[in-house]
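User: I want the reasoning behind each label, not just the label. Take me through it step by step.

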Amino acid sequence: VPMVAPGNVQVQVINSTLAKVHWDPVPLKTVRGHLQGYKVYYWKVQSLSRRSRRHVEKKILTFRGNKTFGMLPGLEPYSSYKLNVRVVNGKGEGPASPDKVFKTPEGVPSSPSFLKITNPTLDSLTLEWGSPTHPNGVLTSYTLKFQPINNTHELGPLVEIRIPANESSLILKNLNYSTRYKFYFNAQTSVGSGSQITEEAVTIMDE
């Protein structure tokens, strides 16, 4: 098997899901056989928004021939990763380069995990929601938009409310009685807005 590990391994983080890794080639005499390529082992150490450690799944990408760089796609935003590089010949892999740590920046969050509308009265509705399963960063706020729907399914004026990130419920007051409303709800990080979840609910006709 090859004798030495690739040197001078560098990681360039391109965005929240993509990084580029490059390395110096090993001297050909240390390959001790036919150079087949380089393997990059990489794995997520932890999410920076949740301190939970789980079973670490190592991923391997093989770059054929004498390439000295490669792209690592499909990374998770706002996470800490480690990687190392090994050279490969027909017999197997050489030793791993020292582990290199890199961090991906924040991305936009997934949609809130649920949106539930309860306690209808003549002029109010109560909204409850769950935070996104994948915050992909530090949540800064939620945005709620809603509008009435009339009997011919036409949409009325849209109202928009910004809600602090630490809230999980809201009572909407001063609504029209016996009216159907459509709600659009999403979360934000400093990078931008995530995908929205929609719901409809009706205020009651009379007490």
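User: What is the area buried between domain 1 and domain 2, and what share do carbon and sulfur atoms give?

Analyst: This is a predicted model. The buried area is about 410 Å², and carbon and sulfur atoms give 52% of it. Arg50, Pro77 and Tyr78 supply 78% of the area that domain 1 buries against domain 2. No other three residues supply more.

User: Where do the two domains run, and how many Å separate their centres?

Analyst: The domain assignment puts domain 1 at 7–104 and domain 2 at 112–202. Their centres, taken over C-alpha atoms, are 42 Å apart. The contact takes 4 residues from domain 1 and 6 residues from domain 2.

User: How many salt bridges and polar contacts are counted between domain 1 and domain 2?

Analyst: The salt bridge count is 0. The count of residue pairs in polar contact, both at pLDDT 80 or more, is also 0. On the domain 1 side, the touching residues divide into 2 nonpolar, 1 polar and 1 charged.

User: What makes Lys44 and Glu76 a salt bridge?

Analyst: The closest N and O atoms are 2.4 Å apart. The cut-off is within 4 Å, so the pair qualifies. Lys44 sits in strand S3 (residues 35–47). Glu76 sits in the loop between strand S5 (69–72) and strand S6 (79–89). The two are 32 residues apart.

User: Why is Lys44 called buried or exposed, and what about Glu76?

Analyst: Lys44 has 14% relative accessibility. Buried means under 20%, so Lys44 counts as buried. Glu76 has 33%. That value falls between 20% and 50%, so Glu76 is partly exposed.

User: How do you know that Glu93 and Arg86 pair, and which label does each residue get?

Analyst: Their side chains meet at 3.8 Å, N to O. With a limit of 4 Å, that is a salt bridge. Arg86, at 18%, is under the 20% cut-off and therefore buried. Glu93, at 25%, is partly exposed. Lys39, Arg86 and Glu93 are linked in a network of salt bridges.

User: Why does the Glu200 and Arg180 pair tie together parts of the chain?

Analyst: The side chains meet in a salt bridge at 3.1 Å, N to O. Glu200 lies in strand S14 (residues 197–202) and Arg180 in strand S13 (residues 180–188), so the bridge joins parts 20 residues apart in sequence. Glu200 is partly exposed at 38%. Arg180 is partly exposed at 37%.

Terms used:
Residues are numbered from 1 along each chain as its sequence is written. This is a predicted model: local features need pLDDT of at least 70, side-chain atom pairs count only at pLDDT 80 or more; totals for chains, interfaces and linings use all residues. Side-chain values use heavy atoms; hydrogens and water are left out. Domain bounds come from an automatic or database domain assignment. Contact means heavy atoms within 4.5 Å. Buried area is the accessible area (1.4 Å probe) that two parts lose on being put together, summed over both. A polar contact is a pair of N or O atoms within 3.5 Å; within protein, one must be able to donate a hydrogen and the other to accept it, and residues adjacent in sequence count only if both atoms are side-chain atoms. Ala, Val, Leu, Ile, Met, Phe, Trp, Tyr, Cys and Pro count as nonpolar, Asp, Glu, Lys and Arg as charged, and the others, Gly among them, as polar. Helices (H or I, at least four residues) and strands (E, at least two) are DSSP runs, numbered from the N terminus. Buried means under 20% relative accessible area, exposed over 50%, partly exposed in between (1.4 Å probe, protein chains only).
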